[in-house]
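Here is a short briefing on one protein chain. Look over the sequence and the fold, then read the points below.

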Amino acid sequence: MEQKSTLEEIQNFKGKYPKQLWYLFFSEMWERFSFYGMRGMLVIFMVNQLMMDEKTANLQYGATQAFVYAFTFIGGLFADKILGYRKSLFWGGLLMIAGSVILAIDPKQFFFFGISFTIIGTGFFKPNISTMVGKLYKDDDNRRDAGFSLFYAGVNLGALIGGYICIAVANGTMFTSYVPVNLRWNVAFGFAAIVMLISLLTFTQTQKSLSEIGLSPLANLEPSKRKMMEMVTYVGSLVIIPIIMTMVAKTEYTDYFMFIIGPASLLYLFYEMRNFSLVENQKLCAALVFIIFSIFFWAFFEQSGGSLSLFAANNLENTVAGIKLDPNGVNNSANSLFVIVFAALIGMVWLWMNKRKIEPNTIVKFGLAFIFLAGGFYVFYYTKFFADATGRTSLDLFTFGWFVITFGELCLSPIGMSAMTKLSPQKTQAVIMGMWFLASAYGQYFAGILGANIAEASENSTNLDKLMVYADGYKQLALYALIAGVILIVISPLVKKLMHGVK
């Protein structure tokens, strides 16, 4: 049996990565297979199976994903105060498995019921595994960014496989000899349940190697009192499911929720900040700058699950470099493939620049992320010039657009997660990580609204006219992303001062 390591032994690891990172890597990889597999199916399922119009499906997608990420803030809060990271992760995994099984049984009848389980489950799972990655390193360990980059590769490996397989099975372009036509969607949702079970088993079988990382924050309480508080959390998260169902199904309730959760989280953070030093609070202010701008980044980027899914289904050819592929599968997974291929290269570029003292600081990297995002959306716009008379255009060019955007994501997302753990005091790390994902919730929410506006403008149009409307919408997003990137680069000296040497 493997000897348990102390926290000090874990953090004093030799080499580039602690071995515990690999355990978390694989657990996260399978969870992301489940998550991105389901995410890539939502809009297409709502339009083709639930018979929603494209505007409603975009709003519904934005609402669903907004709740998924909003609950990461709540999940982080409960992990910090009651459950600890490990129990939160385990409970979240169980809920995600339950939701996927419900959808696999009858996705049409139980769509919102199953989705509600996965929303709450992801909230408990996602922020806490990311926080545990940060705990593997000492605060001043310069290997932390490399660790988060590897962890992020696990995220994208899961997203690559799940993002393509699930929608390809549902669309009938994969495993057609094995999956009956009437069960395609059931099997696709079933894949999400199976891999989530693998994720949970991976974590439970390796968690002993984590020493005290992620254990209960209430260890000093009497066991009976601690168990009671944990049980109230479990029961409460089940009781709230009907409420989540109602709020997700009726997007106007999502509006009310989003108007409340953001300001409430800020008020809570300001309440916690009263106990911190001036330097700690300035670092938290810098973290808030990253969080606020990331909202805009994800609002554009997350068109991938909304308007770009419909664009792929309606307006893209089905070959890349002469190879026949599912356009929706490419839309869901191309970005993840490029992240896996180029993440290490980008990391080496940062190291090369660092040795020559020319590496841009984190805020400038965020600005570059928006500039790459603008370039990618301009490529999506440019596809209109390659359309045929039926409104179908080049999947090759579309894929190149994701290639460009990927470099933007690599300038923002893994670096952002690492920055959150470095800029926040120990007491609020899970909450700050939750706010980082809450920013994604607002990004998803606004992504749905943006996608709905584009869809509404193209309603009742021919397929060719619809392509033109969508392409022109992406041109507008490219312009806004460019402006945001320039603003970030201009204010970088001020934010750098607030960071007090954090890189």
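The points below cover a bent helix, salt bridges, a surface patch, a buried helix and two backbone outliers.

This is a predicted model. Helix α3 bends by about 115 degrees at leucine 83. Two salt bridges tie α3 to distant parts of the chain, one to helix α16 and one to helix α15.

**Helix α3**

- Helix α3 runs over residues 54–105 and has 52 residues.
- A straight helix of that length would span 76 Å, at 1.5 Å a residue.
- The ends of α3, taken at their C-alpha atoms, are only 25 Å apart.
- The axis of α3 turns at leucine 83, by about 115 degrees.
- Of the 52 residues in α3, 38 are buried, so the rest of the structure largely encloses this helix.
- Aspartate 53 sits at the start of α3, where one of its side-chain oxygens comes within 3.1 Å of the backbone nitrogen of lysine 55.

**Salt bridges**

- Side chains of opposite charge can pair when their charged atoms come close.
- The model has ten salt bridges, counting a Lys or Arg side-chain nitrogen within 4 Å of an Asp or Glu carboxyl oxygen.
- Lysine 466 pairs with glutamate 54 at 3.4 Å, N to O. This pair joins helix α16, which holds lysine 466, to helix α3, which holds glutamate 54. The two residues are 412 residues apart.
- Lysine 466 has 14% relative accessibility, so it counts as buried. Glutamate 54 is buried too, at 16%.
- Lysine 55 pairs with glutamate 456 at 3.1 Å, N to O. Here lysine 55 in α3 meets glutamate 456 in helix α15 (residues 429–457), 401 residues apart.
- Lysine 55 is partly exposed, with a relative accessible area of 30%. Glutamate 456 is also partly exposed, at 39%.
- Glutamate 31 and arginine 32 form a salt bridge of 2.6 Å, N to O. Both residues are buried.
- Glutamate 31 and arginine 32 belong to a salt-bridge network with Glu28 and Lys126.

**Nonpolar surface patch**

- A nonpolar patch lies on the surface, with about 760 Å² of accessible area in total.
- Its members are Ile371, Leu479, Tyr480, Leu482, Ile483, Val486, Ile487, Ile489 and Val490.
- Helix α16 (residues 463–499) contributes the most to the patch, with eight residues.
- Isoleucine 489 is in α16. At 32% relative accessibility, isoleucine 489 counts as partly exposed, because that value is between 20% and 50%.
- An α-helix has 3.6 residues a turn, so residues three or four places apart point the same way.

**Helix α11**

- Helix α11 covers residues 307–315.
- Seven of the nine residues in α11 are buried, so the helix is largely enclosed by the rest of the structure.
- The buried residues are Ser307, Leu308, Ser309, Leu310, Phe311, Ala312 and Asn315.

**Positive phi outside glycine**

- Methionine 51 is not a glycine, yet it has a positive phi of about 60 degrees. Methionine 51 lies in the loop between α2 (19–48) and α3. At 65% relative accessibility, methionine 51 counts as exposed.
- Phenylalanine 175 is not a glycine either, and its phi is positive at about 55 degrees. Phenylalanine 175 lies in the loop between α5 (144–171) and α6 (184–206). At 35% relative accessibility, phenylalanine 175 counts as partly exposed.

Technical notes
Residues numbered from 1 in each chain as written. Predicted model: local features only at pLDDT ≥ 70, side-chain atom pairs only at ≥ 80, totals over all residues. Heavy atoms only, no water. Helix = DSSP H or I, 4+ residues; strand = E, 2+ residues; numbered from the N terminus. Expected span 1.5 Å × (residues − 1). Bend = angle between axes of the 7 residues up to and from the residue. Buried < 20%, exposed > 50% of the residue type's maximum accessible area, 1.4 Å probe, protein only. Polar contact = N/O pair within 3.5 Å; in protein donor to acceptor, adjacent residues only side chain to side chain. Patch = residues over 30% accessible without salt bridge, like charges linked within 9 Å, V, L, I, M, F, W, Y side chains within 5 Å. Areas by Shrake-Rupley, 256 points an atom, 1.4 Å probe, with all protein chains shown as cover.
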